[in-house]
Amino acid sequence: MLPQALLNVSTHVVGDRIVPHYLSAQDEPWLRALIEECGRFVGRKRTELHERLREPLPTRAPKAKLRIAIHVLDALCRDRPAASVPPKEARAAVFREAAQSQASRADVLNRVAVSLQVTAVELEQALFADLRGERRVAELPKSVSPTQLTVAANLAIVSSLVRRAAHVRIAVWGNSRALVRHARLVGLICSVSPQKTTDGVTLDVSGPFSLFRHTEVYGRALASLLPRMAWCNEFELTAACALGRGGQLSTLVVRSGDPIGAGRELARHDSLLEERFDRDFRRAAPDWDVIREPHPVASGDSLIFPDFELVHRYDKSRRWLLEIVGFWTPKYLAEKLERLRAANIERLVLCIDQKRLCSEEDLPVDARIVRYKTRLDPRAVLAVIGG
């Protein structure tokens, strides 16, 4: 997260709209020079590197963007204390010896060094080696490039703004299931509603500044949605952010095509059971297509995200939604079945773990039921949908 001082220089406000100062391909020459300078200081104290970076780079760099890039590089560089003795242990031993004797500083260091089986010089270097400035500059990951640093800096700007949001609305089109799943997995307070378009979904998320306490954990969870939005076909994020004092809210808008990059690709399946069924069904039923991300289905005020849609390749009218009910709590199962009943899905295959003691009255009307034990047999599914 960018500190407030860096956040102030990385954006400006026009009316009530926040305009981020994104880095672009034009910044890559000086970003390359910055990466090269960091490489020259590997193994030296971090304070020495920062002193060097206060001086101009060989290539002219905008001051505000340079400060942001340095901040991001610091986060990418996973340095560790370089000491022969753990710094806390070294300090405790030296302070204890100094309190017990009236010896000079040099004598205290020599005595403690002997007891710890290191030299006095190594002991002195270890005393404050865990301080940020005293740490040694580690080698940057080989994947760090000007392009990657550009994207990381832009993501840091947007993430820092979103962490100061009172409310966030995310509209996504296509591949929305994984994003919704992630929002619920990290514990965000959100509601999901359908849009007028068939594949559009809107997430309304409470931001950290709407909570009684502005928790860093919640803000980090909210920011984790940003790189995952890029895996949707299209997205638009609108956030009401508190900048500076006074609590006045300004609006941030981030859309598809903005240079914030994409995170790691989201898992295609929620479980090993789903992954196995996807693979086994494709092999067993070559005339059927398996759609992993079918359109969500409205159920009252909420949405249902079916696990699969099965579509016959030569007769598109033969379409079935398939939902797997696995190892969940009784409360979750009851709510899930209630939403499925309310959705009135015409062609639904419900695959239920045999350990889930569901009576026929609990199940949606007209749903085709397939019970399984440890593995879902595609032949059983084919039998109920007519091969």
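# Cavities, cores and helices in a predicted model

About 80 Å³ of space lies in the largest cavity of this structure, which is a predicted model.

Student: Which elements give two or more residues to the lining of the largest cavity, and which of them gives the largest share?

Tutor: The lining of the largest cavity is made up of 13 residues, and C38, R46, L49, L73 and D74 are the ones nearest its centre. Two or more lining residues come from each of helix 2, helix 3 and helix 4. The largest share, at four residues, is that of helix 3.

Student: How many residues of each class, nonpolar, polar and charged, are in the lining of the largest cavity?

Tutor: Among the residues that lie nearest the centre of the largest cavity are R46 and D74, and Asp and Arg both count as charged. Taken by class, the whole lining has ten nonpolar residues, one polar residue and two charged residues.

Student: Why do the buried residues of helix 3 line one face of the helix?

Tutor: Helix 3 covers residues 46–53, and R46, L49, R52 and L53 are its buried residues. When one looks down the axis of helix 3, these buried residues fall within an arc of 120°, so they line one face of the helix. As a general point, an α-helix has 3.6 residues a turn, so residues three or four places apart point the same way. The reason in this helix is therefore the arc of 120°.

Student: Which helices are included in what covers the buried residues of helix 3?

Tutor: The residues to be covered are R46, L49, R52 and L53, which are buried in helix 3. Their cover includes helix 2 (28–40) and helix 4 (63–76).

Student: Is E48 buried, partly exposed or exposed?

Tutor: E48 lies in helix 3, and its C-alpha is 9.3 Å in space from that of V137, although 89 residues separate E48 and V137 in sequence. Buried means under 20% relative accessible area and exposed means over 50%. At 29% relative accessibility, E48 therefore counts as partly exposed.

Student: Which helix gives the most to the largest nonpolar core?

Tutor: The largest nonpolar core has 62 residues, and those with the most contacts inside it are L34, V168, I170, L203, L237 and L252. With eight residues, the helix that gives the most to this core is helix 8 (residues 146–162).

Student: With which residues is L34 in contact, leaving aside its neighbours within four places in sequence?

Tutor: L34 is one of the residues with the most contacts inside the largest nonpolar core. Once its neighbours within four places in sequence are left aside, L34 is in contact with L53, L57, L66, A69, I70, L73 and L149.

Student: How many residues are in the second, separate core?

Tutor: This second core is separate from the largest one, and L273, F281, V349 and V370 are among its members. Its size is 19 residues.

Student: What is the relative accessible area of S160?

Tutor: S160 is found in helix 8, and, with its neighbours within four places in sequence left aside, S160 is in contact with M1, L2 and L7. S160 is buried, and its relative accessible area is 0%.

Student: Which strands and helices do the buried residues of helix 9 pack against?

Tutor: In helix 9 (residues 177–185), the buried residues are R177, A178, L179, V180, H182 and A183. Just after helix 9, G187 takes a positive phi of about 85°. The buried residues of helix 9 pack against strand 3 (165–173), strand 4 (190–194), strand 5 (200–206), helix 11 (226–229) and helix 12 (272–284).

Student: Where is Q117 found, and is Q117 buried or exposed?

Tutor: Q117 has a phi near 60°, which is a positive value in a residue other than glycine. Q117 is found in the loop between helix 6 (105–116) and helix 7 (120–126). With a relative accessible area of 73%, against a cut-off of over 50%, Q117 is exposed.

Student: Which element gives the largest share of the lining of the second largest cavity?

Tutor: The second largest cavity holds about 30 Å³ of space, and its lining is formed by I304, P306, L321, L322, E323, L340, I345 and L348. By class, this lining has seven nonpolar residues, no polar residue and one charged residue. The largest share, three residues, comes from strand 12 (residues 315–325).

Key:
Residues are numbered from 1 along each chain as its sequence is written. This is a predicted model: local features need pLDDT of at least 70, side-chain atom pairs count only at pLDDT 80 or more; totals for chains, interfaces and linings use all residues. Side-chain values use heavy atoms; hydrogens and water are left out. Buried means under 20% relative accessible area, exposed over 50%, partly exposed in between (1.4 Å probe, protein chains only). The arc is that of the directions from the helix axis to the C-beta atoms. Contact means heavy atoms within 4.5 Å. A nonpolar core is a set of buried Ala, Val, Leu, Ile, Met, Phe, Trp, Tyr and Cys residues joined through side-chain atoms within 4.5 Å. On a 1 Å grid over the protein atoms alone, a cavity is a set of points where a 1.4 Å probe fits but cannot get out, and a pocket is an open set with protein on both sides within 12 Å along at least five of seven lines; lining residues have an atom within 4 Å of a point. Grid points are joined across faces, edges and corners, and a volume is the space filled by probe spheres set on the points.
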